[in-house]
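Thank you all for coming; today I would like to walk through one structure with you, beginning with the whole chain and ending with a few pairs of helices. Please keep the picture in view while I talk.

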Amino acid sequence: MKIVAVEPFILHLPLTASSISDSTHNITHWGVVGAKITTDTGLEGFGFTGTHAHLPSDRLITACIRDCYAPLLIGEDATENARLWTKLARHPALQWVGRAGITHLALAAIDIALWDLRAKQAQLPLWRYLGGSHNAGVEAYNTDIGWLSFSLDRMLESTKRAIEVDGFRRIKIKVGHDNPMTDIARLTAVRRAVGPEIRIAIDGNGKWDLPTCLRFCHAAKDLDIFWFEEPMWYDDVSSHASLARATNIPVALGEQLYTLDAFRAFIEAGAVHYVQPDVTRLGGITEYIQVADLAHAYRLPIAPHAGDMSQVHVHLSFWHPAASILEYIPWIKDHFAEPIAVKDGFYVRPEHPGAGTTPLAKSLAGFSQPIA
Ligand SMILES: [Mg+2]
């Protein structure tokens, strides 16, 4: 199965709301920036990374795919994806400027497309191609109800709908106001509205420092918070280790970490309880599996971040023994041949061959941005 073409693409897909904010980001669209890899068998694989739909930086990723990686891939056997990962990631000139950032996001797109091809060639959904389903059910948690930009009334209304109409038993609320007591007041109102049975996780998106987090966690101790995600700056291992020792609220992180080595540093330091890898920021599925196995070796649960809006992670979560729960954000699902679906709070197991990454032709036609 020889690679004959590698074609980058950029899609800017609208959110369910006109815009959303957390403590750090404000966006109106999700960027699906990736590659279609065509083989001499006629099979096509799709892979992508997730962005904030910022066209100038999206074009840096597609330029890396088109100008740096494609020439290294043309003529190669697509079934040798493990070797190709190393060929791209450890190419001396690219390693010199990369190992994280733009080159790694581009690598993620390529690696996912190659796994998509292998599973399609086997005519199996990725989870089955990898060896089958360890997990009978993958529970979803809904992030799209608790943005920092939502008023308390809107958050309560969307939370009520998610629980009573859509069947979610888990939600995530964004935190990170300048005064953390504003967040305590919002969370107290949510806890009062949903009762004791609903699992509430929170996400700070790296905004606060250690003293603010300590003060917040002390004030939140009676709210039964399931985890505190990205409490502090993404790369700060020692502060997260200090917080993990000081509070009973479990720490979750990983969506901003690019490499296996970065995860190892947090895990070895005891700085994370829920490990949150993302295939679209790590070097694709290949490196995700390494991180998931590392977490499993420490008996830590993994709860992937939905940079792929969980088209790929749903396969990996049914498959991998360390998988626990999976984020749900419904912004891009309807642009794929097999959209993710949640029923009664649990993910529906995908059954189409591949990695769940094939966009609809009409979405490619209607939402593509010019790559240069
Ligand atoms: Mg997050």
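Before I name any domains, I should say that their bounds come from an automatic or database domain assignment. I should also say that what you see is a predicted model. With that in mind, the chain is divided into domain 1, which takes in 3–123 together with 361–367, and domain 2, which covers 128–347.

Let me stay with the whole chain for a moment. It contains 13 helices and 14 strands, and its radius of gyration is 20 Å, close to the 21 Å that the globule rule gives for 372 residues, so the chain is as compact as a globular protein of that length. If we take the principal axes as our directions, the C-alpha atoms fill a box of roughly 60 × 40 × 40 Å.

Now, how do the two domains meet? Their C-alpha centres lie 24 Å apart, and 33 residues of domain 1 are in contact with 30 residues of domain 2. On the side of domain 1 that touches domain 2, the elements giving two or more residues are strand 2 (20–21), strand 4 (29–39), strand 5 (44–51), helix 2 and helix 4. Which of these elements gives the most to that side? The answer is helix 4, with 10 residues. Sorted by class, this side of domain 1 has 18 nonpolar, 11 polar and four charged residues.

Helix 2 and helix 4 also pack against each other, so to speak of them we need a little vocabulary: two packed helices are described by the angle between their axes and the distance between the axes. Helix 2, residues 81–89, and helix 4, residues 102–121, pack at an angle of about 170 degrees, with their axes 10 Å apart. Because angles over 145 degrees count as roughly antiparallel, helix 2 is roughly antiparallel to helix 4. Their crossing is right-handed. The residues making the contact are Asn81, Leu84, Trp85, Leu88 and Ala89 on helix 2, and Leu107, Ile110, Asp111, Leu114, Trp115 and Arg118 on helix 4. By class, that contact has eight nonpolar, one polar and two charged residues.

For the last part, please look at helix 7, residues 180–194, which I will take first with helix 8 and then with helix 6. Helix 7 packs with helix 8, residues 210–219, at an angle of about 25 degrees, and the axes are 10 Å apart. The two are therefore roughly parallel to each other, and they cross in a right-handed sense. Pro180, Met181, Asp183 and Ile184 of helix 7 meet Thr212, Arg215, Phe216 and Ala219 of helix 8, a contact with five nonpolar, one polar and two charged residues.

Helix 6, residues 152–164, packs with helix 7 at an angle of about 30 degrees, with their axes 10 Å apart, and this crossing is right-handed. Here the contact is made by Leu152, Met155, Leu156, Thr159, Lys160 and Ile163 of helix 6, together with Arg186, Ala189, Val190, Ala193 and Val194 of helix 7. Those residues divide into eight nonpolar, one polar and two charged.

Definitions and conventions:
Residues numbered from 1 in each chain as written. Predicted model: local features only at pLDDT ≥ 70, side-chain atom pairs only at ≥ 80, totals over all residues. Axes fitted to C-alpha atoms, helices over the stretch in contact; angles between N-to-C directions. Helix = DSSP H or I, 4+ residues; strand = E, 2+ residues; numbered from the N terminus. Parallel < 35°, antiparallel > 145°, perpendicular 65-115°, else oblique. Left-handed = near helix turned anticlockwise from the far one by under 90°. Contact = placed C-beta atoms within 7 Å. Nonpolar A, V, L, I, M, F, W, Y, C, P; charged D, E, K, R; others polar. Rg over C-alpha atoms; globule rule 2.2 N^0.38 Å.
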